[in-house]
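Hello,

I hope your week is going well. I am handing over the structure we talked about, and my notes come right after it.

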Amino acid sequence: MNAFIRITVLVLFITGLYFVLPKVTIDNSIVRWLPDSSATVSEYKKFLDDFSSDALLILAIESVDSTFYSTEIAPRIDKAAELKSVIHIGQWPTGNIQHKKESMDGISTFVIRFKPNSHLNPNRPELIERILGIFQDIDSQIHLAGTGVIYRAINEQTRIEMSKYLVMGIILLITTLAVILRKPVAILQTLLVAIGGVVSILYVSALYDIPISLVHTLIPIITLFYSTSISLHILFHAGDFKKVIKPTFLVVMTTCIGFSVFLMDRTPILKDFAILGLTGLISSFFWSLVIFYPKAYGYKVSKVVDMWFAGFPVLPRYVTLPVTILILTLSIPGILNLQAEINSLSVLSKGDRAVSDHLFIDKFIGHYFPLEYLVDESKYSRSVISKWVNAIYKMDEVGAVIPYYRLPNFVNKKIAGYQSKSDDTFYRITFMVPLLSTTEGMELVSKIDIISSQYFSSERPQLTGYMTLYANVVHGLFSSFIQSLLISFPLILIIISMYLRELKLILLALFANLFPIAVMFGIMGWLKIRLDMVTIPIGCLMMSIVVDDTIHFMYWYRKNRSINQAITQAGPGMVFTSILLSLGFGVLILADAPPVRYFALLSLFALLSALVGDILLLPSLLKTKNHGKHIQ
């Protein structure tokens, strides 16, 4: 195929992105982490049907004086009350709320209850935009917190961060390729393959209506640099794709396993992660065929590189093995300390407006995250329930409580959402608590259970509402993490076994590749980095990536039965692709979201450990007396 035709096809494909990009959407709502078939989801839907919405916003306005309220704030509040799907707007706290915070002079505070579009997605970004728009031109500070505010901020951060990652990644990639390759044609070829892979992801996202979430922002940057590793292995073999097409196909296949295991997951967002990841990998291989196959450009590797790898030392086993075993031993306590946790605030930078608004309202107005319980008056008297409520209210974590029995008699409790529509004996009690991580939230629930045991012998108050969804997501995250490893490891083992066909080589390859994964998990546990909505796929993903260099190394070792030949042939590609991938993940360290930074940090440890395992540990383990003649 003519070089002009190759480039023209790809350029036209990239140009089409101009029409597709506006259709790409951003969505980080919790609904995408929950399968519709789960029992918790059904219970939450029943709660909402019985007690109406639990979605609320807290609006705090720093007023100058009383006349400012009557002339500026009140008319706008009236306008806000007319917003579609707003159920109620009123002063906070109202008389039926037990509240530990005293009313603050100079601050007008309102609670806004609204009806979500769906049972599982209480986030209404357009409602938040409308409310903020109503007050944007007043000469006063406004603060908004509550359902959907944090997720709206995460969506905006996702949009900004993805663009930032790609721009920085492309600049870094061009700079690094200029240093490594030094040939304009080779740099252009590599760059076109990388961009083709990324553009394919955006096409699929737009055409199949797959929203981009924070965890998905990792995929374009991974594709950008992973596709480069394919190109480098081709170029380091004189640009002859036919020489390395077999190992290249195998490494793409094993890396696809890291994504494809999530196709079987019940969680929608992880299925989307799999689809977008597979798109990036498969399209990278496709565009490498378009640009390189069979030999579009005869690239020559620097003689210095050839000489350096030709004389690369093979360390003795008595040096590498004890060090490896020591590192693995130190990793075990960390691995045993792995936990899953969600903390929405930790995703945002401290300077984000949503965070500062949350801190202001939590400090001056009080806690506002609703912790919902249902009580059955047919089982216990109202006096017992009241004593229990007062005991919970005394807890430091509880800032306010809305008990149904304090509502005025003229208020219809069913319409207000504090008496069940399906069973008149069930009532709702809302405790206002801080915006906690799931671990802290479950610890608080455990404390409440202990107190409940002192007042109720059986049929204790039932935890319900949004907190149950968070707990379910955490359980699902850890299950997905374990399931992905249990599925991906055997599949990768099967591919390696079919490829190597020798028990000794299979065992050595597995040992060299389990080493970086164990190190990564060990560091994760020691540093108390939790499995969350970003780091959850890191295990099987890195397992599928680190095996790539092993396959390239073993391909040349099996072909020549020489360790030196394997290092000479595969070494440059292994080292430079590891450097490039490390730089790619290094871009993510600059992310504002801590979970993304942790993902990048852990990936760097895995990649560097894998390089050590493949270029130092694996040759050392392969080195035997029988192979001595091959390494001189």
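Below is what turned up, covering one helix, the cysteines and some salt bridges. Please keep in mind that this is a predicted model.

Let me begin with helix 8, which runs over residues 218–235. Its 18 residues span 26 Å from the first C-alpha to the last, close to the 26 Å expected at 1.5 Å a residue. The helix is mostly covered, with 18 of its 18 residues buried.

Next, the cysteines. How many disulfides are there by the distance rule? The count is 0. C256, for example, is in no disulfide, and the nearest cysteine sulfur to its own belongs to C540, 12 Å away. Looked at from the other end, the closest cysteine sulfur to that of C540 is in C256, and at 12 Å the gap is too far for a bond, because a disulfide needs the two sulfur atoms within 2.5 Å. Both residues are out of the solvent by the numbers: C256 is buried with a relative accessible area of 13%, and C540 is buried with a value of 0%.

Charged pairs give a fuller list, as a search of the whole structure finds 13 salt bridges. Here are three of them, with their surroundings.

- R124 and E126: the closest N and O atoms of this salt bridge are 2.3 Å apart. R124 is buried, with a relative accessible area of 9%, whereas E126 is partly exposed at 39%.

- R152 and E129: these side chains meet in a salt bridge at 3.0 Å, N to O. R152 lies in helix 6 (residues 149–180) and E129 in helix 5 (residues 125–135), so the pair ties together parts that are 23 residues apart in sequence. R152 counts as partly exposed at 25% relative accessibility, and E129 is partly exposed too, with a relative accessible area of 45%.

- K414 and D424: here the N to O distance in the salt bridge is 2.7 Å. K414 sits in helix 15 (residues 413–416), while D424 belongs to the loop between helix 15 and strand 8 (426–433), so this contact links parts 10 residues apart in sequence. K414 is partly exposed at 27% relative accessibility, and D424 is partly exposed with a relative accessible area of 44%.

Happy to talk any of this through whenever it suits you.

Best wishes

Technical notes
Residues numbered from 1 in each chain as written. Predicted model: local features only at pLDDT ≥ 70, side-chain atom pairs only at ≥ 80, totals over all residues. Heavy atoms only, no water. Helix = DSSP H or I, 4+ residues; strand = E, 2+ residues; numbered from the N terminus. Expected span 1.5 Å × (residues − 1). Buried < 20%, exposed > 50% of the residue type's maximum accessible area, 1.4 Å probe, protein only. Salt bridge = Lys/Arg side-chain N within 4 Å of Asp/Glu carboxyl O.
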